[in-house]
Amino acid sequence: MSQESVVYGCIKDVIFTADMEETRHRRHINRRVLAALPSIEDWPLLSREMFVLPSETLVVDDLYTDVVPFGNSYKGVEYEWEQWLQRFEDLLKNMYWVSATVHLETEFNGVHTFTWHSEKEYHEPNSGDLSMRCEWMRESVSF
């Protein structure tokens, strides 16, 4: 068996329609942090290619949430999961966001969902500790 693990999720931030300059600044910071990640060619746990960077162009209709989706497939990442989580939290510490969700799907250990929510209106870069919640679900397989 290959022990494939799939990790995917999103980081959400708010869009301030009353202050578009603030929104542009937040997007610029988040883009810069994500672009600074190592390339997937270097085999890091987190790479810039696994994230969809927020657009430079700011278009606001009725949408008030900026969503940065991400995902990657690994071979047995659960054996390095503590390191993966630490690197993801290091990334979050340097970004603007209101919430983040990570799903870890493993062949042997089921599905784990990890969530972070800002204790304030939003998280500012380098503004303190992060708190994470984990939920675990394992589906039984019938033959």
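## Overall layout

Helices and strands are here DSSP runs, a helix (H or I) having at least four residues and a strand (E) at least two, numbered from the N terminus. By that count, the protein chain of this predicted model has two helices and five strands. Read from the N terminus, the order of the elements is β-α-β-α-β-β-β.

The protein chain has 143 residues, and 41% of them are buried. A residue counts as buried when its relative accessible area is under 20%, and as exposed when that area is over 50%.

## Strand pairing

Strand β1 pairs with two other strands. With β2 it runs antiparallel, and 11 bridges join the two. Within this pairing, S5 has Y74 of β2 as its bridge partner, and Y8 has G71 of β2. The pairing of β1 with β3 (residues 99-106) is also in the antiparallel sense, over eight bridges. Here C10 stands opposite T101 of β3.

Strand β3 is joined to β4 by eight bridges, again with antiparallel strands. V102 and F114 of β4 stand opposite each other. The connection between β3 and β4 is a hairpin of three residues.

## Burial in β2 and β4

The side chains of β2 alternate between two faces. D66, V68, F70, N72 and Y74 point to one face and are buried, whereas T65, V67, P69, G71, S73 and K75 point to the other and are not buried. The two bridge partners named above therefore come from opposite faces of β2: Y74 belongs to the buried set and G71 to the other.

In β4, six of the eight residues are buried, so the strand is largely enclosed by the rest of the structure. H117 is also placed in β4, but H117 is partly exposed, with a relative accessible area of 47%. This value lies between the cut-offs of 20% and 50%. The C-alpha atom of H117 is separated by 8.9 Å from that of T101, a residue 16 places away along the chain.

## The two helices

Helix α1 has 16 residues, which at 1.5 Å a residue should span 22 Å; its end C-alpha atoms are 22 Å apart, in agreement with that figure. The buried residues of α1 are T23, R26, R27, I29, N30, V33 and L34. Seen down the axis of α1, these residues fall within an arc of 160°, so they line one face of the helix.

Helix α2 covers residues 81-93, 13 residues in total, and reaches 18 Å from its first C-alpha to its last, close to the 18 Å expected at 1.5 Å a residue. In α2, W81, W84, L85, F88, E89, L91 and L92 are buried. Their arc, seen down the axis of α2, is within 155°, so these residues too line one face of their helix. An α-helix has 3.6 residues a turn, so residues three or four places apart point the same way.

## The internal cavity

Which space inside the structure reaches 30 Å³ or more? There is one such cavity, and its volume is about 90 Å³. It is lined by 13 residues, of which D13, R26, R27, N30 and D66 are the closest to its centre. The elements that give two or more residues to the lining are β1 (4-14), α1 (20-35) and β2 (65-75).

By class, the lining has six nonpolar, two polar and five charged residues. Several of the residues closest to the centre appear in the burial lists above: R26, R27 and N30 are among the buried residues of α1, and D66 is on the buried face of β2.

## Loop residues with positive phi

Two residues are noted here for their backbone angle. W43 has a positive phi of about 60° although it is not a glycine. W43 lies in the loop between α1 and β2, and is exposed, with a relative accessible area of 79%.

N126, also a residue other than glycine, has a positive phi near 60°. The place of N126 is in the loop between β4 (110-117) and β5 (132-137). With a relative accessible area of 62%, N126 is exposed.

Note on methods:
Residues are numbered from 1 along each chain as its sequence is written. This is a predicted model: local features need pLDDT of at least 70, side-chain atom pairs count only at pLDDT 80 or more; totals for chains, interfaces and linings use all residues. Side-chain values use heavy atoms; hydrogens and water are left out. On a 1 Å grid over the protein atoms alone, a cavity is a set of points where a 1.4 Å probe fits but cannot get out, and a pocket is an open set with protein on both sides within 12 Å along at least five of seven lines; lining residues have an atom within 4 Å of a point. Grid points are joined across faces, edges and corners, and a volume is the space filled by probe spheres set on the points. Ala, Val, Leu, Ile, Met, Phe, Trp, Tyr, Cys and Pro count as nonpolar, Asp, Glu, Lys and Arg as charged, and the others, Gly among them, as polar. Buried means under 20% relative accessible area, exposed over 50%, partly exposed in between (1.4 Å probe, protein chains only). Two strands pair if DSSP finds at least two bridges between them. The expected span of a helix is 1.5 Å times one less than its number of residues. The arc is that of the directions from the helix axis to the C-beta atoms.
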